[in-house]
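Reader: I have a model open on my screen and would like to go through it with you. Could you take my questions as they come?

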Amino acid sequence: MSNRTLRILGTRGVPAAHGGFETFAEYLALFLVDRGWAITVYCQQDGKGPIHEDNWRGIHRLHIPVHQQGPLGTIVFDWRAIQHAAHNPGLTLTLGYNTAIFCAWLRLKRVPNLINMDGIEWKRKKWGILPKAWFYLNDWAGCWLGNHLIADNPQIKTHLISRVSGDKITMIPYGADRVNGATPETLQALGLEPRCYLTLIARPEPENSILEVVSGFSRKPRGVKLAVLGNYDVEGNAYHRAVKNAASEEVCFLGAIYDKTILRALRYHCAAYIHGHQVGGTNPSLVEAIGAGNPVIAQDNLFNRWVAGPTADYFADVDGFERVLEKTLASSEKLAQMRQGSQARFDEAFTWEKVLADYEALLSRWLPE
């Protein structure tokens, strides 16, 4: 077996079928396997039974069944995965800090563990007092218990430096594929035409500024459509209802779309991408948008400004969004400059080649003797 051994914790497993961390785990694991590493990924499986294992594209997968649902199931899975990893040699990489307190077990067993500290989860408005307290506790625990920390955005590193020394933190962002083309026929089934719509891809939550964007867009006819992805049909959800009530006829609610071919086409052919996230680090959806060369109109905060760069446009509220939208859509020259700026920013910082090479360099320094 290779002496370059890594166990990846903190995701639901590979191949990716859920979110950004799963996609990252898949890309990193395949990259390292091709470079001679022995990689194990812990995979969460619904149900009961013993841990079982298999091999997928050269990656050793350990499947841990859990019968608990939702967040409790994730907590149980993380605990069982850490228990298993603590009794095996090699290096561990934990993606996210939501159960970082369990990493004390890795420390006790002297298993080196690097933790990607993700976003500042406890600041999100959607959580109640108890979840916020849990995330806050684990934010601190991750800082103390990780042998080394990874921040995906300079502002996350600044946050972490308030807890630990900067020498303990390495900044490596999220990556994405460069999108150089996509068939426009995919759009026809969605009622869209190339360059005649804007995209908004985000969880339907207040902190993602969706109501502000839909309200500002819908104040008058725009001559383009706003394609909103996500499930806005949760029964009894007042926020979903408010967003839909604010929408004009030019707003298209496309539902939750996970098909990569459709998402690729939606991104590549849109006139501009709207990013309303108020909290977080380097958001995968924003990186994927600039990887498709999208002009970006983003909520004005330091996280988004670092990712999207100086050629993007920014807004703070409904009125600000409407002003920026009108100015941006009125100039094809400005849109072209924004598109070029997104492509340049992506090539500068967010290609998988660069991100994964930076991870390998960092991980190599922490391999046990």
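Reader: Let me start with a single residue: is Ser 209 buried or exposed?

Author: Ser 209 is buried, with a relative accessible area of 3%, where buried means under 20% relative accessible area, exposed means over 50% and partly exposed is in between, using a 1.4 Å probe and protein chains only. Before we go on, this is a predicted model, in which local features need pLDDT of at least 70 and side-chain atom pairs count only at pLDDT 80 or more, while totals for chains, interfaces and linings use all residues. Residues are numbered from 1 along each chain as its sequence is written, and side-chain values use heavy atoms, with hydrogens and water left out.

Reader: Where does Ser 209 sit, and what is phi there?

Author: Ser 209 belongs to the loop between strand 9 and helix 7, and its phi is near 60 degrees, a positive value in a residue other than glycine. Helices (H or I, at least four residues) and strands (E, at least two) are DSSP runs, numbered from the N terminus.

Reader: What about phi of Asp 118?

Author: Phi of Asp 118 is near 55 degrees, again a positive value in a residue other than glycine. Asp 118 lies in the loop between strand 6 (113-116) and helix 4 (129-145), and it counts as partly exposed because its relative accessibility is 27%.

Reader: Switching to sheets, what is the strand order in the open sheet of six strands?

Author: The order is 11-10-9-12-13-14, with parallel pairing, and two strands are taken to pair if DSSP finds at least two bridges between them. Strand 11 (251-255) and strand 14 are the edge strands, each pairing on one side only. The twist averages 25 degrees from one strand to the next.

Reader: And how many bridges join strand 9 to strand 12?

Author: Three bridges join these two parallel strands, and Thr 199 stands opposite Tyr 273 in strand 12.

Reader: Which strands does helix 7 touch?

Author: Helix 7 packs on the sheet and touches strand 9, strand 10 (225-229), strand 11, strand 12 and strand 14, with its direction at about 160 degrees to that of strand 10. Such angles run from 0 to 180 degrees between N-to-C directions, and the axes are lines fitted to C-alpha atoms, for helices over the stretch in contact. Helix 12, for its part, lies across strand 9, strand 12, strand 13 and strand 14, running at about 160 degrees to strand 14.

Reader: Which residues of helix 12 are buried?

Author: They are Val 318, Gly 320, Phe 321, Glu 322, Val 324, Leu 325 and Thr 328. These buried residues pack against several elements, including strand 13 (296-299), strand 14 (313-315) and helix 13 (332-349), with contact meaning heavy atoms within 4.5 Å.

Reader: How far apart are the end C-alpha atoms of helix 12?

Author: They are 16 Å apart, which agrees with the 16 Å that the 12 residues of helix 12 (residues 318-329) should span at 1.5 Å a residue; the expected span is 1.5 Å times one less than the number of residues.

Reader: Now the N-terminal part: how many residues of strand 1 are buried?

Author: Strand 1 (residues 5-9) is mostly covered, with five of its five residues buried. Thr 5, Arg 7 and Leu 9 point one way, while Leu 6 and Ile 8 point the other way. Four bridges join strand 1 to strand 2 (residues 38-46), which runs parallel to it, and Arg 7 stands opposite Thr 40 in strand 2. Strand 1 is also joined by four bridges to strand 5 (residues 91-95), again in parallel, with Leu 9 opposite Thr 94.

Reader: Which residues touch the most other members in the largest nonpolar core?

Author: Among its 60 residues, these are Leu 6, Ile 8, Phe 24, Leu 28, Ile 39, Ile 59 and Leu 93. A nonpolar core is a set of buried Ala, Val, Leu, Ile, Met, Phe, Trp, Tyr and Cys residues joined through side-chain atoms within 4.5 Å. Helix 1 (residues 20-34) gives the largest share of this core, eight residues. Apart from this core lies another, of 31 residues, among them Leu 9, Ile 120, Trp 122 and Ala 151.

Reader: Last one: which residues does the cis peptide bond join?

Author: The cis bond joins Val 14 and Pro 15, with omega about 0 degrees, and Pro 15 is found in the loop between strand 1 and helix 1.
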